[in-house]
Structure formats: C-alpha cells, structure tokens
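Please open the model in a viewer and keep the sequence panel at hand. The tour proceeds by selections, each followed by a short account of what is there.

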Amino acid sequence: WEVLSRFDPAYPPLAARVFLILMVPVWLFTAWYDMARLKILNGLVIFVFGVFVVLGPFLMPLPLYLTQLLQAVIMLVIMMLAFALGTMGGGDAKFIAAASPYFLRQDFALILVLFIVCALGAFAAHRLSLLMGADRATPLWLSWRSGRRFPLGFALGGVVSIYLAMAAF
C-alpha cells in the first residue's frame, strides 16, 4: 500500500465521493453476478455510464466532463477491438468502456498498478476460495468450472472503487 500512497489522483474529490457512494453497490453486484454467471449485464453497464452522464456536469468542470465523455467513446472503440480480437469477453469490454470516465488519463500509472493488484488479488481469492470448498456453498456459480475463463468483473469493480476512494479522501 505504500506504493499506492505515493500516487495522488487528480480526480475532483467531490465527484469521487459521490460516484464512490453511488457506484460501490453496483461494483459489488457486478462482481457477484460475474462470478455466478460469467456475464456483466447490459443494464449495469448502461447504469454505470448513465450515472456519469447525468451527474458529471454537476460534479466536475465542464471541460473535464466533456474530455471524460470523449475518453469513454475512445475506450469503447478500443474495447470493441479487443473483444473482436478475442482478448477479452464482451461484458468486460463494455464494463471497462462504461467505467472509463471515472478515471483520468493522467492517472494511468496508478490505474495500471491498481488493475494489476486487483486482478492478481481477485484471481488468487477466487482460486483459493475454490480450493477451500466455496463451490459447495455456491454450486451454481459458473466461474468455478469455467476452465481458463475468469470473471474479470470481480477485479474491475475493485479498481474503480479504490481509485475513487483515493481521489475522494
């Protein structure tokens, strides 16, 4: 955590607080649903983006808000390409594009560190839970028998939450 404490996200603190409070339940549900069904619902993706679109102009300077919207469009194109190339699932790609306005591009190094930490932590927690018999408690979860597929939504919500928490406080 000391490495992360060196980073100071440039995201507007008020916007980060409001988005954090509103979105953490969404990230948690997304993680749970992705582990259970290996899908990220379109309605969740639309909601994540919609919250930013509706509240963003009230919580951040207009030029920053518009820049973040443009960033989301660019990320959608990049993520569609990544999906088309088979490097990630469609739900993960949509989720990343919809969540991208919650990140500032100048914080890319921080976001990358958070993604690596959260992805490795989520993968380890998922596999350790499986070894400890969590599949008996939740036998219908598809992620237990998905082979090489991993519910990336489990990690992505953590990235956004930690980033916004760092910016908020």
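Is F52 buried or exposed? The structure to be examined is a predicted model. Select F52: its relative accessible area is 0%, so F52 is buried.

**First stop: an aromatic pair**

Keep F52 selected and add F19. The two residues form an aromatic pair, with 5.6 Å from centre to centre and 35 degrees between the planes, and the pair is classed as tilted. A pair of aromatic rings is described by the distance of the centres and the angle of the planes. Colour helix 2 and helix 3 next: F19 lies in helix 2 and F52 in helix 3, so the pair ties together parts that are 33 residues apart in sequence. F19 has a relative accessibility of 0% and therefore counts as buried, because the limit for a buried residue is under 20%.

Now extend the selection to W27, Y65, F95 and Y102. Together with F19 and F52, these residues are linked into a cluster by ring pairs. In the model, the count of aromatic pairs comes to 13.

**Second stop: the nonpolar core**

Select Y11, F19, V48, Y102, Y163 and L164. These are the residues with the most contacts inside the largest nonpolar core, which has 43 residues. Helix 2, helix 3, helix 4, helix 5, helix 6 and helix 8 each give two or more residues to this core. Which helix gives the most? Helix 8 does, with eight residues. In soluble globular proteins, nonpolar side chains tend to be buried together.

Centre the view on Y11 and display what surrounds it. With neighbours within four places in sequence left aside, the contacts of Y11 include A16, F19, F52, Y102, L104, Y163 and L164.

**Third stop: L104**

From Y11, move to L104, in the loop between helix 5 and helix 6. How far apart are the C-alpha atoms of L104 and Y11? The separation is 6.6 Å, although the two residues are 93 residues apart along the chain. L104 has a relative accessible area of 1% and is therefore buried. Beyond its neighbours within four places in sequence, L104 is in contact with A10, Y11, L64, Q68, Q71, I111 and Y163.

**Fourth stop: helix 5**

Select residues 90-99, which make up helix 5. This helix is mostly covered, with nine of its ten residues buried. Among the buried residues are G90, D92, F95 and I96. Show helix 2, helix 3, helix 4 and helix 8 as well, since these elements are included in what covers the buried residues of helix 5.

**Fifth stop: two pockets**

Display the surface and look for the largest pocket, which holds about 500 Å³ of space. Its lining has 21 residues, and M75, I96, F103, F108 and I111 are the closest to its centre. Helix 4, helix 5, helix 6 and helix 8 each give two or more residues to the lining. The largest share, five residues, comes from helix 4. How does the lining divide by class? There are 17 nonpolar residues, three polar and one charged.

The second largest pocket has a volume of about 340 Å³. To find it, select G89, D92, R149, F150 and L152, the closest to its centre among its 15 lining residues. Helix 5 gives the most to this lining, with three residues. By class, the lining of the second largest pocket has six nonpolar, four polar and five charged residues.

**Last stop: three further residues**

Select L81 in helix 4. Its relative accessible area is 53%, so L81 is exposed. Add A93: L81 and A93 are twelve residues apart in sequence, and their C-alpha atoms are 9.1 Å apart in space.

Next, select L38 in the loop between helix 2 and helix 3. The phi angle of L38 is near 55 degrees, a positive value in a residue other than glycine. With 13% relative accessibility, L38 counts as buried.

Finally, select G147 in the loop between helix 7 and helix 8. Is G147 buried or exposed? At 54% relative accessibility, G147 counts as exposed. Draw a distance from G147 to I21: their C-alpha atoms are separated by 34 Å, and the two residues are 126 residues apart along the chain.

How values were computed: Residues are numbered from 1 along each chain as its sequence is written. This is a predicted model: local features need pLDDT of at least 70, side-chain atom pairs count only at pLDDT 80 or more; totals for chains, interfaces and linings use all residues. Side-chain values use heavy atoms; hydrogens and water are left out. On a 1 Å grid over the protein atoms alone, a cavity is a set of points where a 1.4 Å probe fits but cannot get out, and a pocket is an open set with protein on both sides within 12 Å along at least five of seven lines; lining residues have an atom within 4 Å of a point. Grid points are joined across faces, edges and corners, and a volume is the space filled by probe spheres set on the points. Helices (H or I, at least four residues) and strands (E, at least two) are DSSP runs, numbered from the N terminus. Ala, Val, Leu, Ile, Met, Phe, Trp, Tyr, Cys and Pro count as nonpolar, Asp, Glu, Lys and Arg as charged, and the others, Gly among them, as polar. Buried means under 20% relative accessible area, exposed over 50%, partly exposed in between (1.4 Å probe, protein chains only). Contact means heavy atoms within 4.5 Å. Rings of Phe, Tyr and Trp (its six-membered ring) pair if their centres lie within 6.5 Å; planes under 30 degrees apart count as stacked, over 60 as edge-to-face and the rest as tilted. A nonpolar core is a set of buried Ala, Val, Leu, Ile, Met, Phe, Trp, Tyr and Cys residues joined through side-chain atoms within 4.5 Å.
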